[in-house]
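Open your viewer and get ready to make a few selections. We'll go stop by stop, and at each one you'll hear what to pick and what is there.

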Amino acid sequence: MSAEQLAEAQCARCRAQVEHGDLRCAICGTQVPPSQATSTQAMHVEIMRCGGCGAAVSYDVKAQAPQCAFCASVMHVERVEDPIEQTGWWGNLSVDVNQAHGALQQWFGGLGFLRPSDLSQSASIEALKPLWWVAWVFDATASVSWTADSNAGSIRSAWAPHAGKCELQFDHIVVGASRGLSYQETSALIPGYQLNQGVNTAPQIEGAVVEQFDVQRSEARGRIIDAATAIALQQMQAKQIPGTRHRNIKVELTLRGLRTRRCAFPAYVLAYRYRNKLYRAVINGQNASYVTGRAPYSFWKISAIIVGGLALAIVLAMALGGS
Ligand SMILES: [Zn+2]
Ligand SMILES: [Zn+2]
């Protein structure tokens with residue numbers, strides 16, 4: 001965290017971060033004193049936008065007719081007015097290219113029996129480059145009120161109504177903001193990152209791609225609150241609501257002291273070709289044992305299982321018919 005970020009204004013009522021240009025607290029609506037409400041300077045930045053997946057990455061003068069690092073579509077320059085969110089923290093890249101190659105081979109090997117036997121020998125890697133994808137990391141305290149139907153205490157009917165209140169603490173919850181990587185991909189990578197291994201300046205690595213935040217501020221807060229609500233729902237179901245079966249679970253959250261950091265996490269994104277088809281895989285740039293991606297299935301192995309199953313069914317039918 002830079003000194004400037006630490007000195008950020010807080011809401012006098014709920015201690016949420018008050019950002020440049022906010023006239024009211026985004027969480028509780030309290031008016032921000034005029035001295036703190038610095039007016040937003042109109043800012044223009046140039047980014048590279050992918051025509052395929054929509055990802056936005058930082059503009060690089062040297063890159064001519066660039067390909068999207070996420071999906072290989074063509075990118076174009078776009079001028080963005082008032083880029084509301086700016087990354088303030090970049091995770092250190094600690095996995096090198098050789099380790100990334102090794103992790104990919106290991107991942108191929110661990111995919112299971114239904115994949116082609118020659119996958120790790122025959123897959124040709126088309127492009128493997130480091131990139132940073134963006135996410136919010138938030139902390140907050142929440143007062144949660146919940147209502148639910150549960151099988152606990154239901155004497156004759158199947159369901160009995162229950163309700164309760166509790167406090168919940170959110171510490172360093174990562175919410176993906178990437179357009180280049182899917183929710184499934186970022187969810188698979190997130191547990192492998194160390195939130196204390198990063199710096200406050202953008203990485204300057206030849207050929208690396210740095211994704212930009214690309215979401216309006218109001219929408220960003222909505223997505224963070226949605227993520228907090230989803231976590232609260234899980235926590236209530238696991239720890240607060242009595243009984244073993246639940247339905248109609250509803251939670252209401254009042255957040256206090258919401259603090260959001262805008263972070264970028266390192267990964268290797270690569271495309272590999274197997275029998276003329278392209279697949280994408282992503283490797284965590286801090287812990288190469290976290291790999292996610294798509295991989296082919298073996299047509300022959302699956303066919304053999306189906307044919308074997310049918311043959312067995314016929315043999316059984318004949319045996320039973322003949323008895
Ligand atoms: Zn507030
Ligand atoms: Zn793309």
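Before the first stop, some vocabulary: donors are N, O and S atoms within 2.8 Å of the metal (3.2 Å for Na, K and Ca), and since water is not among the atoms, sites may look incomplete. Four donors count as tetrahedral if all angles lie between 85 and 135 degrees; four count as square planar and six as octahedral if opposite donors are over 155 degrees apart and all others between 65 and 115; anything else is irregular.

Some housekeeping too. This is a predicted model, where local features need pLDDT of at least 70 and side-chain atom pairs count only at pLDDT 80 or more, while totals for chains, interfaces and linings use all residues. Residues are numbered from 1 along each chain as its sequence is written, chains are lettered from A and ligands numbered from 1 in the order in which they are written, and side-chain values use heavy atoms, with hydrogens and water left out.

**Stop 1: the zinc ion (ligand 1)**

Select the zinc ion (ligand 1) together with C11, C14, C25 and C28, whose SG atoms are its protein donors at 2.3 to 2.4 Å. The angles among those four donor atoms run from 104 to 114°, and the site is tetrahedral. For comparison, ideal angles for four tetrahedral donors are 109.5 degrees. Along the sequence, the donor residues are spaced C-x2-C-x10-C-x2-C.

Now click C25 and C28 in turn: which is buried and which is partly exposed? C25 is buried, with a relative accessible area of 4%, and C28 is partly exposed at 26%. (Buried means under 20% relative accessible area, exposed over 50%, partly exposed in between, using a 1.4 Å probe and protein chains only.)

**Stop 2: the zinc ion (ligand 2)**

Next, pick the zinc ion (ligand 2) with C50, C53, C68 and C71, which give it their SG atoms from 2.3 to 2.4 Å away. Here the four donor atoms subtend angles of 100 to 117°, so this arrangement is tetrahedral. The spacing along the chain is C-x2-C-x14-C-x2-C. C53 sits in the loop between β1 (44–50) and β2 (56–58), and C71 in the loop between β2 and β3 (75–81), so the pair ties together parts that are 18 residues apart in sequence. (Helices, H or I of at least four residues, and strands, E of at least two, are DSSP runs numbered from the N terminus.) C53 is partly exposed at 24% relative accessibility, and C71 is partly exposed at 33%.

**Stop 3: the salt bridges around D214**

Show D214 and R49 as sticks: their side chains meet in a salt bridge, 2.6 Å from N to O. (That term means a side-chain nitrogen of Lys or Arg within 4 Å of a carboxyl oxygen of Asp or Glu.) D214 lies in the loop between β8 (209–210) and α5 and R49 in strand β1, so the pair ties together parts 165 residues apart in sequence. D214 counts as partly exposed at 24% relative accessibility, while R49 counts as buried at 11%.

Add R179, which forms a salt bridge with D214, the closest N and O atoms being 2.8 Å apart. R179 is in the loop between β6 and α4 (183–189), 35 residues from D214. Then add E78 to see the network: salt bridges with shared partners join R49, E78, R179 and D214.

**Stop 4: R247 and D149**

Move on to R247 and D149, another salt bridge, at 3.0 Å from N to O. This one links strand β9 with strand β5, across 98 residues. R247 is partly exposed at 36%, and D149 is buried at 16%. How many salt bridges does the count come to? Eight.

**Stop 5: the largest nonpolar core**

Select W136, F138, V144, F170 and M236, the residues with the most contacts inside the largest nonpolar core, which has 38 residues. (Such a core is a set of buried Ala, Val, Leu, Ile, Met, Phe, Trp, Tyr and Cys residues joined through side-chain atoms within 4.5 Å.) Color β5 (124–150), β6 (160–176), α5 (217–240) and β9 (246–274): each supplies at least two residues of this core. β5 gives the most, with nine residues.
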